[in-house]
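Welcome! Take a moment to turn the structure around on your screen, and then let us walk through it together, one region at a time.

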Amino acid sequence: MEHTEMKGGIVIKDDWLGYSLDLFTYPEHYHEDIESVYIPHGVVMDRIERLARHIMDDIGDHDLVALCVLKGGYKFCSDLMEFITVLTRNSNKFLETRVEFIRLKSYLNDQSTEDLHIIGSRDLSFLRGKNVLIVEAIVDTGKTMKALLKHVETFQPKMVKVAGLLVKRIPNMAESLTDYVGFEIPNRFVVGYALDYNEYFRDLNHICVISETGKMKYKV
């Protein structure tokens, strides 16, 4: 994988097409629906472990409420919290963590929508006075994240930081909104590792590039 490493995360270059599907295992029913393995699962996990270390260094001995953005963020959040737990066991710092969930819908097919759609309760009063880490799988235009940050701030948390596994490199990109970045990627529609296309592909372990065949097959 050709990339450069920067403070904001691992930067994957525009000309990176991914690895051949023949090199990896994946659900066979997706054979024609994905073009390549863009980021292998093992690389994703190693990067999340490093993000966990950064978060531990920054937050240290303070309590933390992780606000997991569903549905795409659940694997990222689960693995990130597990790494933080393991690091806490082997450190002289104690970071007490709590995980809460908020479900958003911001995509129709492969297009990001303008509005923040919170599904379920909008009451986040439990965040008042807390150190909050918003855990999101992918941040692109930043419109959804800006709206979510504004909504969270109304409940007067002590601190708010954002961890984004993927940040898309697009005009007016939202990297400045994200305190902890896993990978900065080109503007390609990726699926897997709980990222979906109309609820499909969440069962892929790797982060993959969806094919045009896949887009047409699962379009709504």
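Let us begin with helix 2, which runs over residues 74–89 and has 16 residues. From its first C-alpha to its last it reaches 23 Å, close to the 22 Å expected at 1.5 Å a residue. Which residues of helix 2 are buried? They are K75, F76, C77, D79, L80, M81, F83, I84, L87 and T88. An α-helix has 3.6 residues a turn, so residues three or four places apart point the same way. With that in mind, try picking out F76, L80, F83, I84 and L87 on your screen, which are among the buried residues of helix 2.

Keep in mind that this is a predicted model. How confident is the predictor? The mean pLDDT of the protein chain is 87, and 89% of its residues reach 70 or more. Confidence is highest in strand 3, at a mean of 97, and lowest in strand 1 (residues 3–6), at 46. Over residues 2–6 the pLDDT is below 50, although this stretch does have 15 contacts in the model beyond near neighbours in sequence. Where pLDDT is low, the predicted coordinates should not be read in detail.

Now step back along the chain to helix 1. This helix covers residues 41–59, which makes 19 residues, and its span of 27 Å from first C-alpha to last is close to the 27 Å expected at 1.5 Å a residue. Its buried residues are V44, M45, R47, I48, L51, A52, I55, M56 and I59. After helix 1 comes G60, with a positive phi near 60 degrees.

Between strand 4 (64–70) and helix 2 there is a loop, and K71 is found in it. The peptide bond leading from L70 to K71 is cis, with omega near 0 degrees. Two residues further along the chain deserve a look for their backbone angles. E199 and F201 both lie in the loop between strand 10 and strand 11. Phi of E199 is near 80 degrees, and F201 has a positive phi of about 80 degrees although it is not a glycine. Most residues other than glycine have a negative phi, and most peptide bonds are trans. Are these two residues buried or exposed? E199 is partly exposed, because its relative accessibility is 42%, while F201 counts as buried because its relative accessibility is 0%.

F201 also takes part in an aromatic cluster, together with Y30, Y200 and Y218. How many aromatic pairs are there in the model? The count comes to six. One aromatic pair is formed by W16 and Y19, which meet edge-to-face, with 4.9 Å from centre to centre and 75 degrees between the planes. W16 is buried, since its relative accessibility is 13%, and Y19 is partly exposed at 24%.

The strands on either side of that loop belong to a sheet. Three strands make up this open sheet in the order 3-11-10, and their pairing is antiparallel. Strand 3 (34–39) and strand 10 are the edge strands, each pairing on one side only. Strand 10 and strand 11 are joined over two bridges, and one place to look is V191, whose bridge partner in strand 11 is C208.

Follow the chain out of strand 11 and you arrive at S211, in the loop between strand 11 (207–210) and helix 4 (212–217). S211 counts as buried because its relative accessible area is 7%, and the cut-off for buried is under 20%. Its side chain reaches the backbone nitrogen of G214 at 3.0 Å. Leaving aside residues up to four places away in sequence, S211 touches E32, D33, I34 and E35.

Our last stop is D179, in the loop between strand 8 (159–168) and strand 9 (180–185). With a relative accessible area of 39%, D179 is partly exposed. What does D179 touch, not counting residues up to four places away in sequence? Its contacts are V160, K161 and V162. With V162 there is a polar contact too: the backbone nitrogen of V162 lies 2.8 Å from a polar atom of the D179 side chain. The C-alpha atoms of D179 and G164 are separated by 7.9 Å, and these two residues are 15 residues apart along the chain.

Notes: Residues numbered from 1 in each chain as written. Heavy atoms only, no water. Helix = DSSP H or I, 4+ residues; strand = E, 2+ residues; numbered from the N terminus. Expected span 1.5 Å × (residues − 1). Buried < 20%, exposed > 50% of the residue type's maximum accessible area, 1.4 Å probe, protein only. Polar contact = N/O pair within 3.5 Å; in protein donor to acceptor, adjacent residues only side chain to side chain. Contact = heavy atoms within 4.5 Å. Phe/Tyr/Trp six-rings, centres within 6.5 Å; stacked < 30°, edge-to-face > 60°. Pairing = 2+ DSSP bridges. pLDDT = per-residue confidence, 0-100.
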